[in-house]
Amino acid sequence: MDLEQLRTACEARVEALRLPHRFSTRDLRDAVAEQRGRPIILRPLSTLGALDAPCGIRLETQDADLLFYEEATSPLHQNHILAHEISHIICDHPGSLELDQDTLRAIGFDPTLVQRMSGRTSYTSEDEREAEVMASVIRQFMYRGREGPPSRPASGAESWDALFAEPHRKKRHRK
């Protein structure tokens with residue numbers, strides 16, 4: 001599938017979520033969770049700059065989808081990581097990441113509960129390419145028709161809008 005066809009397919013998937021014209025990250029997460037019939041839980045991840053460590057992980061269990069994002073990166077990057085991982089959920093990708101049981105336990109997860117897992121490390125597979133295009137489409141749809149994100153959004157990792165807020169610039173007074 002060429003890039004134009006892929007983008008069109010991704011746009012159709014986002015539109016199928018029936019989100020309002022102006023939607024928040026919470027709206028997106030809630031729509032996908034409702035479609036899946038289980039919650040989506042966000043958790044920070046500390047890879048401490050380890051080589052070949054994923055900066056984002058999606059773990060699927062019978063009861064929930066967990067999205068892990070690198071906490072030691074910029075807020076803008078965290079937002080993109082989360083959009084990428086939720087894209088794997090929207091696209092129903094089977095997952096190809098394999099972590100050993102010790103690593104899973106280190107991030108506080110029982111390895112016996114994992115059904116599918118994917119991680120954001122490279123973009124060589126078709127699923128990773130699709131998730132990356134989908135993440136870009138999500139972010140574009142989120143802010144379509146807006147001049148910019150709110151200047152004082154809610155705080156915390158749950159608010160992706162906070163990650164896009166423009167800094168306030170103080171007005172300079174002429175003497």
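## Chain layout and strand β2

From the N terminus on, the elements follow the order α-α-β-β-β-α-α-β-α. That order holds 5 helices and 4 strands; helices (H or I, at least four residues) and strands (E, at least two) are DSSP runs, numbered from the N terminus. The model is predicted, so local features need pLDDT of at least 70 and side-chain atom pairs count only at pLDDT 80 or more, while totals for chains, interfaces and linings use all residues. Residues are numbered from 1 along each chain as its sequence is written, and side-chain values use heavy atoms, with hydrogens and water left out.

The table gives values for the chain.

| Item | Value |
|---|---|
| Buried residues | 42% of the 175 residues |
| Exposed area | about 10400 Å² |
| Part of that area from carbon and sulfur atoms | 48% |
| Contacts between residues at least 6 apart in sequence that join residues at least 24 apart | 68% |

Buried means under 20% relative accessible area, exposed over 50%, and partly exposed in between (1.4 Å probe, protein chains only). Areas come from the Shrake-Rupley method with a 1.4 Å probe; for residues, only the protein chains shown count as cover. Contact means heavy atoms within 4.5 Å.

Strand β2 covers residues 56-60, and 5 of its 5 residues are buried. One side of β2 carries G56, R58 and E60, the other I57 and L59, and both faces are covered.

Strand β3 (residues 65-70) runs antiparallel to β2, joined by 5 bridges; two strands pair if DSSP finds at least two bridges between them. One of the bridge partners is D65 in β3, which is matched with E60. A hairpin of 4 residues links β2 to β3.
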